[in-house]
Amino acid sequence: AAKKIKWYKSTKTVKWWLDRSKQEGIRQDEPSLDTFFSQIVSLGGDTQDVRGLVTCALSVNERLKAEKSVTFGDMVCQTWQMLQKDHIVRRAQQIYKHVLIDEGQDTFALAVKILRVIAPDSLFIVGDPDQKLFGFNGADPEHNLFDVAREGQLLKLTANYRSTQTILTAANSLIGGNYNEQTKQFLKNLVPNKKIQGDKIISFVFQGPKEESDWVVNQIGEQNPGDVFIGART
């Protein structure tokens, strides 16, 4: 079915649209999917693209059902559909008295909406509006952090226990451009725990990962000869 969608250059984009329909809680039936996917027409697609996406989504869902499998998007979407029933909401609220969300800025809106239904008066969200890493995957920090904070109490954690004043001054200058009239309440001024000015920041531009790793190895050899372990999180 994906091959019929000429507007898209890769199946990765098709998968993005299928996942997004579930992340937004769209019922996985033909009318609902047709309505949701029709928005791509305004983005340069046509009705054939819409029909191709609907066909693809229904095919994928049938395959998942046959294999008794679910995706992460399915779990969230199906949970939201279940919470449309009052007795399930009441049961969930009895089980989950308090809910804590960490890295709230990297969660898509429906997940937070679900938790707000389950724990309307005891929801605690920890997040950083300056870390918006997963917007490409449906994360919605404006909804998850800004809207919830406007309705409740906002606590700013500005003490930094890791960096020097030099680094934090640069960081404050950089993130200062993220704020406008609407979001200025989230403007923060990071302050070091230890009043150390610190060395100047050194920056380099590398042509590729090998050049970068060679530079790191050379720096270690010059400044800290001996046994060294390098751990990389990828």
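**Pockets and a surface patch**

The largest pocket here holds about 1100 Å³ of space. Of the 36 residues lining this pocket, Ile125, Val126, Gly127, Asp128 and Leu155 are the closest to its centre. Keep in mind as you look around that this is a predicted model. Besides that pocket, there's a second largest one of about 400 Å³, plus a nonpolar patch on the surface.

**What lines the largest pocket**
- Three elements each chip in at least two lining residues: the strand β2 (123-125) and the helices α7 (141-151) and α8 (165-175).
- Helix α7 gives the most to this lining, with five residues.
- Sorted by class, the lining has 19 nonpolar, eight polar and nine charged residues.

**What lines the second largest pocket**
- This pocket has 15 lining residues, and the ones nearest its centre are Gln28, Asn61, Lys65, Asp74 and Gln78.
- Two or more lining residues come from each of α3 (47-66) and α4 (72-82).
- The largest share belongs to α3, which supplies five residues.
- The classes here come out as five nonpolar, five polar and five charged residues.

**The nonpolar surface patch**
- Ile202, Phe204, Trp215, Val216, Val217, Val228 and Ile230 make up this patch, and together they have about 630 Å² of accessible area.
- If you want to find Trp215, look in helix α9, which covers residues 209-223.
- Why does Trp215 count as partly exposed? Its relative accessible area is 31%, and partly exposed covers the range between under 20% (buried) and over 50% (exposed).

Conventions:
Residues numbered from 1 in each chain as written. Predicted model: local features only at pLDDT ≥ 70, side-chain atom pairs only at ≥ 80, totals over all residues. Heavy atoms only, no water. Patch = residues over 30% accessible without salt bridge, like charges linked within 9 Å, V, L, I, M, F, W, Y side chains within 5 Å. Areas by Shrake-Rupley, 256 points an atom, 1.4 Å probe, with all protein chains shown as cover. Salt bridge = Lys/Arg side-chain N within 4 Å of Asp/Glu carboxyl O. Helix = DSSP H or I, 4+ residues; strand = E, 2+ residues; numbered from the N terminus. Buried < 20%, exposed > 50% of the residue type's maximum accessible area, 1.4 Å probe, protein only. 1 Å grid on protein atoms, 1.4 Å probe; cavity = no way out; pocket = protein on both sides within 12 Å on 5 of 7 lines; lining within 4 Å. Points joined across faces, edges and corners; volume = space filled by probe spheres on them. Nonpolar A, V, L, I, M, F, W, Y, C, P; charged D, E, K, R; others polar.
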